[in-house]
There are 2 protein chains.
Amino acid sequence: MARSIGRICKGFQRLGLLSKQTQLIPFTRVPVGTVRTIVTLPSFLFPQPRDFSLPNPSWGSEMTRMYEHYESQCEMETEGGQKGPWRRLPSYNRLLKYATVFPSGGVYLSKMIQSKARLFTRNIRNPGAAFEYVLFVNKEEQKCVCILQAGHLLEGPPGHVHGGAIATMIDTVTGTHATFLSGPVMTANLNINYRRPIPLGSTVLLESCLEKKEGRKTFITCRVTSTDGSKLHTETSALFLSITASHLLGG
Amino acid sequence: MARSIGRICKGFQRLGLLSKQTQLIPFTRVPVGTVRTIVTLPSFLFPQPRDFSLPNPSWGSEMTRMYEHYESQCEMETEGGQKGPWRRLPSYNRLLKYATVFPSGGVYLSKMIQSKARLFTRNIRNPGAAFEYVLFVNKEEQKCVCILQAGHLLEGPPGHVHGGAIATMIDTVTGTHATFLSGPVMTANLNINYRRPIPLGSTVLLESCLEKKEGRKTFITCRVTSTDGSKLHTETSALFLSITASHLLGG
C-alpha cells in the first residue's frame, strides 16, 4: 500500500503538481457514513533525485582535486559565509520530469518514451563509465567551468574520446551557461575546432565565457584544456537563441 | 578448459595476432620427453561480433522502410547481382579491439580502460534505447547516408534530442564518409547550424556529401532532414585531416 501510494505520488511529482513538502491526503470513492482515512505521507516516500554532480568513488585524484578547488571558492548560504563567487550547479538525469504529449515535427511523442527519457549526458548510471562532470558558474565574471572525467564508454578513435562526446559536453556547458545568462535557450550554432585528442580516462577543464548578447542571441566561447591549462584540446564559438515554451512545444 | 582457451584466444584476437580463420596451437612449458598436446580450436570459440547496423525489433516502421529502400539498391556480390551503387557499412561497438598502452596527453591509458572501452554511439546494448542507425555509402556519387532512429536516452530539451547527440551522429557519419574517401582521418572542425529540434523517437536522415579534397584536408557537408526531406533539422560543414597511426599514438 505504502509502495503503491509512493508510486502515485511520484506520478504527481512528475506532473509537477506536488512539491516535496506537500502532505498528500489521498481518497477514493468513500461510501456515505464511513470514516475517511487520512494518510500523511512521510518524507521517505519522496526520495531526493540523485545529484550526479557530487563526488563518487569513480572520481580520480585530478577530478577530485579540481572539484575541491572550485568547491572551496563557492558562495555559502549561511550567515557570514561568503567564501567566493562560484556556485556549483546540481545535475539530474532529466531536465524536466514530465513533458506534455504534443505533436512536434509531425511526430507524436508517446507517454512511454517520455517516462523512460533520460538526459543524454546522464543516461548511464554506472559511475565513471561515461560522463563524470560538474559545473560551476561565476556570476561576477559571467563565466562557467566544467570539470570532466571521460569514461571508457565515450570512445571514438582508439583510446581517445569521441568527437561527438566532446561536442556533447561543449553543448551542455555552453547551453547551461547561456541559460544561466539569458533564460531558456536553444542551440543555434556550434563551431568546434578540434586541436588535440583527449585520451580516455583523463580529466579536462571546459571554460565557457560570454562573448556578447544581442537581442535574442547569446554568443558564448568555450575552450577545452588540460586541467593545468597547458594543453588546448578544442576551441568553440556557440550561438544560442532565447525561446519561450511555445517554441519548443510547437517544434 | 575450452572456455579458458577461448578467453586466451579472444585476448590474442584483440591483439590482432589472430584472424578468425587461424587455428591456434597452444603450448606452455613442456618437460623434455613428454608429448605436446595439440588442440585445434573449433570456429564457435570465435563468435562474430554483433553488427549493430542490422534491423532489430526496436526499429519502427519508418526506420525499417528507409533501411529496405537503401538495402534494395545495394550492390550484390553474387554473380550478376549488381543491383545498385549503395553499400551498407557494418557497425560494431569498438573501432579497434585493442590499442597499445601509450602515454598520450600526459595521461597513461590503463589496460583496464582499454578492455572496457566501447564506441560512444554503440555503448548501450538495449535495442532502441539510444542510437539506432545504419550507414550506406555510394562510391559513384561520393555520398554517404545514415538512417537514425533517436531513442529515449538521447534527451536534451524535454521531449527532444540533445544537440550533442545530433553532433555525435554528424561527426560519426561525416567521419566515416571522410575515412571512406581519404583513409584514416581525425575531425578538425565541425560547424553545425541547428535549424529545427528533433523529437525523441523520430527517424531522420543524415546525408553527407564530399565538398572538396585539398592535400591532407577533406571537406564534407552534412544535412539532417526528415526522411521525406521536407524538414531541415541541421546543416553542417566539416573538415577532416588525414592522419597516420603515429599521429594518434603520439597524442
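Chain A of this predicted model contains five helices and nine strands, and read along the sequence these elements follow the pattern α-α-β-β-β-α-β-β-α-β-β-β-β-α. Of the 251 residues in chain A, 48% are buried. Among the contacts in chain A with a separation of 6 or more, 61% are between residues that lie 24 or more positions apart.

How far the coordinates can be trusted is a matter to settle before going into detail. The model scores ipTM 0.77 and pTM 0.78, while chain A averages a pLDDT of 78, with 68% of the residues scoring at least 70. Over residues 97–108 of chain A the pLDDT is below 50, and this stretch has 29 contacts in the model beyond near neighbours in sequence. Residues 1–41 of chain A likewise stay under 50 in pLDDT, and for them the model has 32 contacts beyond four places in sequence. Where pLDDT is low, the predicted coordinates should not be read in detail.

Helix α2 of chain A, which spans residues 61–71, is a useful place to begin with the packing, and its buried residues include A:Met63, A:Met66, A:Tyr67 and A:Tyr70. Viewed down the axis of α2(A), the buried residues fall within an arc of 105°, and they therefore line one face of the helix. The elements against which these buried residues pack are β1 (86–89), β4 (131–138), β5 (143–150) and β7 (203–214) of chain A.

In chain B, helix α2 covers residues 61–71, with B:Met63, B:Met66, B:Tyr67 and B:Tyr70 buried. These residues cover an arc of only 105° around the axis, so that they sit on the same side of α2(B). Here the buried residues pack against β1, β4 (131–138), β5 (143–150) and β7 (203–214) of chain B.

Strand β1 of chain A, one of the elements that α2(A) packs against, also holds A:Arg87. This arginine counts as partly exposed, at 37% relative accessibility. Leaving aside residues up to four places away in sequence, A:Arg87 touches A:Cys74, A:Glu75, A:Leu135, A:Phe136, A:Val137, A:Lys139 and A:Phe180. The C-alpha atom of A:Arg87 is separated by 19 Å from that of A:Pro184, a residue 97 positions apart from it along the chain.

In chain B, the loop between β1 (86–89) and β2 (103–104) contains B:Asn93. With a relative accessible area of 10%, B:Asn93 is buried, and, not counting residues up to four places away in sequence, it touches B:Phe52, B:Arg118, B:Leu119, B:Arg122 and B:Arg125. B:Asn93 and B:Asp51 are 42 residues apart along the chain, and their C-alpha atoms are separated by 8.4 Å.

The pairing of strands can be followed in chain B, starting from strand β9 (residues 232–242). Strand β6 (residues 185–194) pairs with β9 in the antiparallel sense over nine bridges, and within this part of the chain B:Tyr194 has B:Thr234 of β9(B) as its bridge partner. Strand β8 (residues 217–226) is also joined to β9(B) by nine bridges, again with the two strands running antiparallel, and B:Thr218 has B:Phe240 as its bridge partner in β9(B). The hairpin of β8(B) and β9(B) has five residues between the strands, and in this hairpin B:Gly229 takes a positive phi near 80°.

A UniProt annotation from an unreviewed entry, "domain: Thioesterase", covers residues 159–231 of chain A. Over those residues the chain is 27% helix and 44% strand, and the C-alpha atoms at the two ends are 18 Å apart.

There remain the cysteines. A disulfide is a covalent bond between the sulfur atoms of two cysteines, and a search of the whole structure finds zero disulfides over all chains. Why is the sulfur of A:Cys209 too far for a bond? The closest cysteine sulfur, in A:Cys222, is 8.4 Å from the sulfur of A:Cys209, whereas a disulfide requires the two sulfur atoms to be within 2.5 Å. A:Cys209 is partly exposed, with a relative accessible area of 29%. In chain B, the sulfur of B:Cys222 is 8.4 Å from the closest cysteine sulfur, that of B:Cys209, and this too is too far for a bond. B:Cys222 is buried, with a relative accessible area of 3%.

Key:
Residues numbered from 1 in each chain as written. Chains lettered and ligands numbered in written order. Predicted model: local features only at pLDDT ≥ 70, side-chain atom pairs only at ≥ 80, totals over all residues. Heavy atoms only, no water. Buried < 20%, exposed > 50% of the residue type's maximum accessible area, 1.4 Å probe, protein only. Helix = DSSP H or I, 4+ residues; strand = E, 2+ residues; numbered from the N terminus. Arc of directions from axis to C-beta. Contact = heavy atoms within 4.5 Å. Pairing = 2+ DSSP bridges. UniProt positions renumbered as here; feature names shortened; annotations may be inferred. pLDDT = per-residue confidence, 0-100.
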